[in-house]
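Reader: I should like to learn how the features of a structural model are to be read. Could we take them in turn, with the general idea placed before the particular case?

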Amino acid sequence: MPQAFKQIHPLAWTIIVGTMFGRLVTSMSIPFLAIYLTSSMGVSATLTGVIVAASSLAGVSISFYGGYISDRIGRKKVLLVSVFCWAAVFFGFAAASEIWMFFVVNVLNGLCRSVFEPASRALLSDTTPPEHKLLVFNLRYAAINIGVVFGPIIGLRLGSAESMFPFLVAGFVYVLYGLVLIMQFAAHADALPQRSTAEAPKIREAFAVTSRDRIFLPVLIGTTFCVLGYGHFSSTLAQYLTLSPHIANGKELFSYMLAMNAAVVLLVQYPIVKTVSRYRPVVPLILGNVLVSASLLMFGLGHSLALLLAGVFVFTVGEVLLFTMMDMLIDRIAKPQWKGTYFGTIGFNNVGSVAAPIVGGLLLDRFAALSGFAVFAPLALLTACGLPFLLAAHRRLTAREAAEAARI
């Protein structure tokens, strides 16, 4: 393993470490936005859901183009422009004082994320040999969760639920991330993958390639429902813990649940990845969907601390199953010249993130004071609707690989 670490490109390490610090400052600010709007500004759960969903809606609208543009003009330009714009967005959060301001900056937050992340993942793929890609993609995922272990607790101590100060800190961290990227690109310019001299693919052709992919399309639809279920952790659950009369100290409990979620990821990621890497990468998505659906039911049934924490554990194992192999699956499906496009197109599954806070907010306004089960049972069933699509993708991938093996 240490020898494999030495084979990771410095640019890849920059993305991995930058991701860790980026997620640390993001998780000490963004997850508390719903609580801040509901408790400090008196915004209704439904309107809060709309504001939170604005980020994901903006991200869905631009995610395809973010990856496509990085294929067209190169990863460097896309990453540098988007990271400094993202820093400006966090400064905008810190300065916001009206509801419409939060809506606007959260839209911009979604745009920046959906341009930066596909390009960063494509750069990881570009700079990593095939035998080390699983390691690199999972290091990135581990970096995310290292940041999320500490971010919510730091955010709670800095008063994220009552103050916008943590967003100011996040802005400065993203400025620093951008400066480090500039230095690393300058130091390793000769090592950057050369783009093809052939004419770059047109946008219509890019749409056609992804929409005709008989494995990718059901994966995209199925993971949309998975992302919908995943999105309720940081939106619906956060508000439910604050609004429910049956739960005391909901804000503090939520921050520790976020930290527990990230800590469990770090504990179980390696053994889970080692186990599921022997299977086709759609299998973990199927199992993950089942566990996330089950965890939502547990949140609805749990007023006791033990059951809520058990729900976090089940949710986290499902999350690891869903997301550890996702990048590997996309990398496996996509041709080299389409990597950015595929990584961008999978961002359309964030339609689930758009729907999650809105649907959750409507259910909370109606049932939060009465029954947690009435809030979370419909959400669990909706999440499970992704299973038929994932099963179809698994069958098609199995058939394709069997056909390829027969031709050898």
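Author: Let us begin with secondary structure: helices (H or I, at least four residues) and strands (E, at least two) are DSSP runs, numbered from the N terminus. By that rule Leu-228 lies in helix H10, and Thr-223 is found in helix H10 as well. The structure is a predicted model, in which local features need pLDDT of at least 70 and side-chain atom pairs count only at pLDDT 80 or more, while totals for chains, interfaces and linings use all residues. Residues are numbered from 1 along each chain as its sequence is written, and side-chain values use heavy atoms, with hydrogens and water left out.

Reader: Is Leu-228 buried or exposed, and which residues does Leu-228 contact?

Author: Accessibility is read in three classes: buried means under 20% relative accessible area, exposed over 50%, and partly exposed in between (1.4 Å probe, protein chains only). Leu-228 has a relative accessible area of 8%, so Leu-228 is buried. Contact means heavy atoms within 4.5 Å. Leaving aside neighbours within four places in sequence, Leu-228 is in contact with Gly-352, Ala-355, Ala-356, Leu-382 and Thr-383. The C-alpha atoms of Leu-228 and Gly-386 are separated by 9.7 Å, although these residues are 158 residues apart along the chain. Thr-223 is buried too, with a relative accessible area of 2%. With neighbours within four places again left aside, Thr-223 is in contact with Leu-285, Met-326, Ile-346, Asn-349 and Leu-390.

Reader: How are aromatic pairs recognised, and how many does a search of the whole structure find?

Author: Rings of Phe, Tyr and Trp (its six-membered ring) pair if their centres lie within 6.5 Å; planes under 30 degrees apart count as stacked, over 60 as edge-to-face and the rest as tilted. The search of the whole structure finds 18 aromatic pairs. In one of them, the rings of Phe-90 and Tyr-174 have centres 5.4 Å apart and planes at 10 degrees, so the pair is stacked. Phe-90 belongs to helix H5 (residues 75–95) and Tyr-174 to helix H8 (residues 165–187), so this pair ties together parts that are 84 residues apart in sequence. Phe-90 counts as buried because its relative accessibility is 0%, and Tyr-174 is buried with a relative accessible area of 3%.

A further stacked pair is formed by Phe-233 and Phe-315, at 4.7 Å centre to centre and 15 degrees between the planes. Phe-233 sits in the loop between helix H10 (216–231) and helix H11 (236–243), and Phe-315 in helix H14 (residues 305–323), so the pair ties together parts that are 82 residues apart in sequence. Both Phe-233 and Phe-315 are buried. Ring pairs also link Tyr-230, Phe-233, Tyr-240, Phe-254, Phe-299, Phe-315, Phe-323 and Phe-376 into a cluster.

Reader: Which residues touch the most other members of the largest nonpolar core?

Author: In soluble globular proteins, nonpolar side chains tend to be buried together. A nonpolar core is a set of buried Ala, Val, Leu, Ile, Met, Phe, Trp, Tyr and Cys residues joined through side-chain atoms within 4.5 Å. The largest one here has 100 residues, of which Phe-102, Leu-241, Met-257 and Phe-299 touch the most other members. Beyond its neighbours within four places in sequence, Phe-299 has contacts that include Phe-233, Leu-237, Met-257, Phe-315 and Phe-376.

Reader: How many disulfides does the structure hold?

Author: A disulfide is a covalent bond between the sulfur atoms of two cysteines. The criterion is a pair of cysteine sulfur atoms within 2.5 Å. The structure holds zero disulfides. For Cys-85, the nearest cysteine sulfur, that of Cys-112, is 5.3 Å away; Cys-85 counts as partly exposed, at 39% relative accessibility. For Cys-385, the nearest cysteine sulfur is that of Cys-226, 11 Å away, and Cys-385 is partly exposed at 35%.

Reader: How is enclosed space found, and which residues are closest to the centre of the largest cavity?

Author: Rolling a probe the size of a water molecule over the atoms shows where empty space is left. On a 1 Å grid over the protein atoms alone, a cavity is a set of points where a 1.4 Å probe fits but cannot get out, and lining residues have an atom within 4 Å of a point. Grid points are joined across faces, edges and corners, and a volume is the space filled by probe spheres set on the points. The count comes to two cavities of 30 Å³ or more, and the largest has a volume of about 1400 Å³. Of the 48 residues that line the largest cavity, Arg-23, Arg-113, Tyr-230, Asn-350 and Ser-353 are the closest to its centre. Helix H6 (residues 99–126) gives the most to this lining, with seven residues.

Technical notes
1 Å grid on protein atoms, 1.4 Å probe; cavity = no way out; pocket = protein on both sides within 12 Å on 5 of 7 lines; lining within 4 Å.
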